[in-house]
Amino acid sequence: MTRPPRALVLGGLLVLVLALAVLSLQAGRVWVPFAAWTDQADPRWSIIFDLRLPRTLLAVLVGAALGMSGAAMQGYTRNPLADPGALGVSAMAAFGAVLTLYFGAGAQQPWVIATAAMAGAFIAVLLLLALSGASSSIVTFVLAGVILQTLAGAGVALALSLAPNPWAVSEIVNWLMGSLADRSAPEVQLAAPFILAGCGLLLLTGRGLDALMIGETGARSLGVNLAAVRWLMAVGVALATGASVAVTGVVGFVGLIVPHLLRPLVGARPGALLIPSAAGGAVLVLAADIAVRLTPSAAEVKLGVAMAALGGPFFFALLLSMRRRIA
Amino acid sequence: MSRLSAQGLRVRLGARQVLQGLDAAFEAGQVTAILGPNGAGKSTLLACLAGLRRPDAGAVRLDDQDILALAPRARARRVGFLPQTPEIAWAVEARILVGLGRTPFIGARGLSQEDAQAIERAMASANVTALADRDVTTLSGGERARVLIARALAGDPAWLLADEPLTGLDPGHQLDAADLFRRLAHEEGRGVIVTLHDLSLAARLADRILLMVDGEVLANGPPAEALTPAVLASAYGVDARVEPGRDGLLIDILGRAR
C-alpha cells in the first residue's frame, strides 16, 4: 500500500482549510475583495468581520468536531458506518436543545441550549454503547442508532405538536435543519471551548482506538484501560457534537464521509485518522457552507439539508460496498 | 527462570462452575498445551493466567507476585496474549498491526527507535518481514496467524499465551506455527502456553500437557505420560491408540468408547 507522506496530507488539508476560510470570508451575496479587508471605514469591512468571520470560524469548529467525533466513534466501534449524525447522537442533542426551546428557557440563555444539547449527546452515546453491548457487530450498532434516531424524532415531533404558539414551531423547525447563517461572535464563544475540550479528550483515545482494532480482549491484553477509553470517547463526542448541534442545529454525515475519504490517504489506523479527520471535517463544512451561500435561491439552502443531500447517496454507496461484510 | 502458577482458581459463569479450584504451574522455556473437551474451561484458565479475568477465588502468581496486583501496562509487558478468533477490524499494513504489540511501552511521543527495532525483530522472529507492507486483511490464514504472533512478540514478553492459535490453519501451516512456538520457548527462553484441540499436534508441539475436564486437571506431564489411552477415554469418552511417531506421538481416535 503506497500513500503520500502523512506530513504532506496534513499540510495539504491545512492549506485547504485556510484557503476555504479566506474564500468563505469573501464569498456571498456581496463579493468582498481583499482591498476592503484592511479599510475599517469600508462598509464591507463589517460584513467580513462581524457577519462572516463568526460563520467561518464556526464552520471550521463544527467541521472539526463532527469529523473527529466520527473518526473516534468509528475507531471505538470498529465500524465504518458510525457517525454522530447517522447513529442518532446529533438527533438526541437536538432533542435536548428543542426541549429547552420548547420550555422557553433556551431562548433567553444560549448556554442552557448548549448544556441540554451536550447532555442529549452524552445520553445518546451511553445508550448506543449499552444497546449494542459488548458486540461490535455492525448490525446491532446501526439498529441501536435507528432506535435513538426514532426516539429523538418522536420527542421532537411531540414538542412541535404541543408547541404553545406557531412562532415556537417555526423557531424549532428552522433551527433543526442545521445552518451557519446569521451566527455571531457569542455563538463562537459559546461553542469553541466545549468543541476544543471535546476534541482534546478524543485525541487522548488514539492509542486505545488503535489497540481496539484487534478486539476488546486483545486491547486489554496490551494493557489498555478500556473503561478510560470508553469514557474519554463518550464525553469527548458529547462535548464536541453537543456544542456543535447547540449552535448550528443538525448537520449530518460529516463524521461518516470524512474518515472514509481520508483512509486511503493516511491509512486505516484509527489513532492516525483523528487529526486529519478534524481538518477534513473543517474543509467539508467550509466548502458546503460556501456552496449553499452561492446557490442562487430565494432563501438560502440550509447547510444541514445540503449535507444530507450529499451524505445520503454517499451512505448508500458505502452500504452497497459493505453489503457482503454485513450479511 | 520465570514462573507462572495458578492456585485454587475458581470461576463461575452463570450457573456453571467453570474452574473448580484448579492448581497448575508453568515454567519458562517450555511449551505447555492445555487440552480438554469443549467447555472444560481451557479459555477461562488461559484468560485467568493472562491476568485478563479475575477468578472468584484463588490467584495467579507471576514470579510470586499476584498478577492482578500488577499495573495493566506492566503486566502487558511481561505477558503476551493471543485471543481466540482474532479480529482485525481495519485494513492496515502488517507492520502497523505488529506495532500494536508495543502499546504497553509507548509514551506520549509515539514509537521510539527502540520500538521500531523491537517491531522488526518480532517480524523476523515470526518470519513475516516480507509481509510488512501488506494489508493484513488480504493475507492468507497462515500469514495472518504469523503476523498476529509477531504482534504478541513485539512487546518481547517473557510469557506468550495463545488461545487456539492453530485452529483454522492447514496442516503445513499448523506445523510451521508449532515450530515457531517451540523456537520461542526453547531458543528464546519464553514460557509458551497454548490451548489446542488436536491431540497429535499437541503431542508434537508441547513439552508438557495439561489435560482439563470439567474445570479440573485430569493429567499434567510430558505428552507420553499425560496422553495415555486410559486418560483419553476418561477425558473425551473415546477409544484411542497411542503410538510413538516420527516427531512425538501418533494418536489415532478409533471411535466412541463403549
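This section describes the fold of chains A and B and the contact between them. The model is a predicted one.

Chain A is built from helices, with 14 helices and zero strands assigned. Chain B, in turn, combines nine helices with 12 strands. The C-alpha atoms of chain A occupy a box of roughly 65 × 50 × 35 Å along the principal axes, and those of chain B a box of roughly 60 × 40 × 35 Å. For the 327 residues of chain A, a compact globule would be expected to have a radius of gyration near 20 Å, and the value of 20 Å for chain A agrees with this. The corresponding expectation for the 258 residues of chain B is near 18 Å, and chain B, at 18 Å, likewise agrees. Buried residues account for 51% of chain A and for 49% of chain B. Among contacts in chain A between residues at least 6 apart in sequence, 80% link residues at least 24 apart; in chain B, 65% of the contacts with a separation of 6 or more come from residues 24 or more positions apart.

Within the helical chain, attention falls on the nonpolar interior and on one position of the first helix. The largest nonpolar core comprises 190 residues, of which A:Ala94, A:Ala121 and A:Ala243 touch the most other members. Helix α2 of chain A, spanning residues 43–77, is the greatest contributor to this core, with 14 residues. Leaving aside residues up to four places away in sequence, A:Ala243 touches A:Ala65, A:Ala114, A:Met118 and A:Ala191, together with A:Phe194, A:Ile195 and A:Gly198. Helix α1 of chain A (residues 6–26) contains A:Leu8. This leucine, A:Leu8, counts as exposed because it has 11 C-beta neighbours inside 10 Å. Although A:Leu8 and A:Leu265 are separated by 257 residues in sequence, their C-alpha atoms are 9.9 Å apart in space.

In chain B, two open sheets are described here. One consists of four strands in the order β2-β1-β4-β5, with antiparallel pairing. Its edges are formed by β2 (16–27) and β5 (65–66) of chain B, each of which pairs on one side only. Strand β1 of chain B (residues 3–13) is joined to β2(B) by nine bridges in the antiparallel sense. Across this pair of strands, B:Leu9 stands opposite B:Leu22 of β2(B). Helix α1 of chain B (residues 42–49) lies across β1, β2 and β4 (57–62) of chain B, and its direction is at about 125° to β1(B).

The other sheet holds six strands in the order β6-β7-β8-β3-β9-β10 of chain B, and its pairing is mixed. Strands β6 (79–82) and β10 (216–221) of chain B take the edge positions; each has a single partner strand, so one side of each lacks a neighbour in the sheet. From one strand to the next, the twist averages 15°. Helix α1(B) also packs on this sheet, where it touches β3, β7 (159–163), β8 (191–195) and β9 of chain B, with a direction at about 155° to that of β8(B). Parallel pairing is found between β3 (residues 31–35) and β9 (residues 208–213) of chain B, over four bridges. In this pairing, B:Ala33 has B:Ile209 of β9(B) as its bridge partner. Helix α6 of chain B (residues 171–186) lies across β3, β7 and β8 of chain B and runs at about 150° to β8(B). Helix α1(B) thus touches strands of the four-stranded sheet and strands of the six-stranded sheet.

The two chains meet through 23 residues of chain B and 20 residues of chain A. On the chain B side, the largest share, four residues, is supplied by helix α2 of chain B (residues 72–78). By residue class, the side of chain B that touches chain A divides into 16 nonpolar, one polar and six charged residues.

Key:
Residues are numbered from 1 along each chain as its sequence is written. Chains are lettered from A and ligands numbered from 1 in the order in which they are written. This is a predicted model: local features need pLDDT of at least 70, side-chain atom pairs count only at pLDDT 80 or more; totals for chains, interfaces and linings use all residues. The radius of gyration is taken over C-alpha atoms; the globule rule is 2.2 Å times the number of residues to the power 0.38. A residue is buried if 20 or more other C-beta atoms lie within 10 Å of its own, exposed if 12 or fewer, and partly exposed in between; C-beta atoms are placed from the backbone. Two residues are in contact if their C-beta atoms, placed from the backbone, lie within 7 Å. Ala, Val, Leu, Ile, Met, Phe, Trp, Tyr, Cys and Pro count as nonpolar, Asp, Glu, Lys and Arg as charged, and the others, Gly among them, as polar. Two strands pair if DSSP finds at least two bridges between them. Axes are lines fitted to C-alpha atoms, for helices over the stretch in contact, and angles run from 0 to 180 degrees between N-to-C directions. A nonpolar core is a set of buried Ala, Val, Leu, Ile, Met, Phe, Trp, Tyr and Cys residues joined through C-beta atoms within 7 Å.
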